[in-house]
Amino acid sequence: MTMTTTFTTKTDVIDWLLSRGYFQDCPGLDRTAALLQQLGHPERTYPTIHVAGTNGKGSTTQVLANLLQANGLRVGTFNSPFITEFTDQVAINGQKIPAAAMVQLGNQLRPLVAQLDTQPALRGATEFEILTALAFAYFRGRVDVAIIEVGMGGLRDSTNVIQPELTAITTIGLDHTAYLGNTLGQIATQKAGIIKPNTPIVVGNVPEAALTVIQHQAQHLAAPLTVWSRDYRTRSLGWHHQAEHFTFEHSDLTFDHLATPLIGPEQVENAAVALELYVLYAQRHHLTLDPQRLAAALLQTRWPARMEVLEHHPLVMLDGAHNLHAIKRLKQTLLTDYPDYRLHILFSAIRTKNIAAMVTELLTLPQVTLTLTTFDDSRALKVADFTQWQDRLTLAPDWYPAYQTLRAQLAPHDLLLITGSLYFASEVRARLKP
């Protein structure tokens with residue numbers, strides 16, 4: 001498609017965005033800020049809440065969106081990566097951006113991007129940077145509040161152009177080490193980059209080394225800090241009736257009989273971060289904290305590829321545990337919620353991840369068999385690189401036949417878990433749950 005051709009379909013716009021590439025050699029805010037300036041700074045026309053974290057930020061965003069929607073607010077959400085469809089990343093009250101809006105904004109942005117490409121300091125705006133600007137422009141005049149999920153890190157992430165009312169860091173673990181650093185402290189420094197002066201920051205269950213960095217940055221910027229288990233807390237009541245049950249406490253507030261259908265103890269922690277953000281936002285905007293409405297909103301939360309049940313009989317689940325931190329959380333969920341099941345795991349990831357450590361962790365589960373496979377992505381692992389693992393697992397060059405074989409062999413107390421890269425989860429979900 002030439003520069004003079006007008007986009008006519010959302011596919012045209014998506015193809016153009018994808019052609020820009022996801023990463024840039026010098027990540028930063030300048031290109032996104034320049035685009036937003038040319039758009040008249042739409043991100044300044046509505047309140048925003050900024051959510052960072054190694055894992056859990058997507059689930060936290062969705063829970064918080066449901067809580068705010070229950071108060072009658074129109075809530076924009078910007079999440080990444082997508083699982084079902086590209087346009088799911090930009091949504092209002094759970095409804096993805098319409099094709100017409102995608103086309104209109106694509107045609108508005110392309111000449112602006114072309115103009116930046118003529119400037120050496122601003123050329124090369126990426127897919128994610130342009131999509132960030134597109135999302136902010138789409139929300140203008142359409143939302144009461146927008147919840148913005150960080151793409152990667154925080155400090156140099158394109159979403160960090162906003163001046164949010166609230167910020168949050170859900171978890172911190174080792175991931176994207178080539179970009180963010182090799183230690184929890186270095187990664188925490190990047191995540192803490194979203195903290196703004198005098199802006200409340202909510203922190204989830206993070207390691208002490210990371211919390212120290214966050215506390216220092218919050219103190220430096222006079223940002224009020226609330227920390228899980230210290231300033232707000234949850235008490236897990238276990239997994240039953242297809243939900244994780246828990247209580248939530250904040251200062252003199254206590255909410256009992258809460259439940260989330262998102263599976264895993266870590267989802268209680270994610271819900272707690274969302275609840276704390278919700279309480280703070282409600283207090284700032286004089287919203288009613290109705291326990292029944294709050295409990296109902298929690299139960300309505302859905303988030304694909306997070307311990308998602310694809311089939312009940314036999315039991316087949318899908319989870320995007322895409323780094324070692326997430327794999328450890330997944331392992332704990334399996335031990336806690338499915339202790340009596342024989343586990344059959346179909347795993348794949350992209351090559352930049354610590355695949356050996358992730359696989360080793362999964363193989364420590366009791367009653368487990370593991371099949372390593374690949375999927376249709378140039379970044380996906382190559383099965384041939386893991387022949388030395390053949391005595392510990394099965395190698396499958398094509399995931400779908402491997403899935404069919406595993407599913408056909410499942411007994412009543414077996415669980416088939418498909419996990420690894422979110423990109424793998426997206427491909428699997430499109431095939432198994434179109």
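Mentor: Helices are DSSP runs of H or I with at least four residues, and strands are runs of E with at least two, both numbered from the N terminus. The model in front of you is predicted.

Trainee: Which helix gives the most to the lining of the second largest pocket?

Mentor: The second largest pocket has a volume of about 800 Å³. Helix 3 (57-69), strand 2 (75-78) and strand 12 (308-311) each supply at least two residues of its lining. With four residues, the most is given by helix 3.

Trainee: Which residues of the lining of the second largest pocket lie nearest its centre?

Mentor: By class, this lining has 14 nonpolar, 14 polar and six charged residues. It is made up of 34 residues, and those nearest the centre are Gln300, Thr301, Arg302, Trp303 and Pro304.

Trainee: Which strands are the edge strands of the eight-stranded open sheet?

Mentor: The order of the eight strands is 4-3-2-5-1-6-7-8, and the pairing is mixed. An edge strand here pairs on one side only, which holds for strand 4 (95-96) and strand 8 (225-227).

Trainee: In strand 4, what is the bridge partner of Ala91?

Mentor: Strand 3 (residues 90-92) pairs with strand 4 in the antiparallel sense, over two bridges. On the strand 4 side, the bridge partner of Ala91 is Lys96.

Trainee: What angle does the direction of helix 9 make with that of strand 6?

Mentor: Helix 9 (residues 265-285) packs on the eight-stranded sheet. Its contacts there are with strand 1 (48-52), strand 5 (145-149), strand 6 (166-169), strand 7 (201-203) and strand 8. With the direction of strand 6, that of helix 9 makes about 170°.

Trainee: Why is one side of strand 9 and of strand 11 left without a neighbour in the sheet?

Mentor: These strands belong to an open sheet of three, in the order 9-10-11, with antiparallel pairing. Strand 9 (232-240) and strand 11 (253-260) stand at the edges, so one side of each lacks a neighbour, as each has a single partner strand.

Trainee: By what angle are neighbouring strands of this sheet turned against each other on average?

Mentor: The angle is taken with direction ignored. On average, neighbouring strands are turned against each other by 15°.

Trainee: In strand 10, what is the bridge partner of His240?

Mentor: Strand 9 and strand 10 (residues 243-250) pair in the antiparallel sense over eight bridges. His240 has as its bridge partner in strand 10 Ala243.

Trainee: At what angle does helix 10 run to strand 11?

Mentor: Helix 9 lies across strand 9, strand 10 and strand 11, at about 40° to strand 10. Helix 10 (residues 291-299) lies across strand 10 and strand 11. To strand 11, helix 10 runs at about 30°.

Key. Residues numbered from 1 in each chain as written. Predicted model: local features only at pLDDT ≥ 70, side-chain atom pairs only at ≥ 80, totals over all residues. Heavy atoms only, no water. Pairing = 2+ DSSP bridges. Contact = heavy atoms within 4.5 Å. Axes fitted to C-alpha atoms, helices over the stretch in contact; angles between N-to-C directions. 1 Å grid on protein atoms, 1.4 Å probe; cavity = no way out; pocket = protein on both sides within 12 Å on 5 of 7 lines; lining within 4 Å. Points joined across faces, edges and corners; volume = space filled by probe spheres on them. Nonpolar A, V, L, I, M, F, W, Y, C, P; charged D, E, K, R; others polar.
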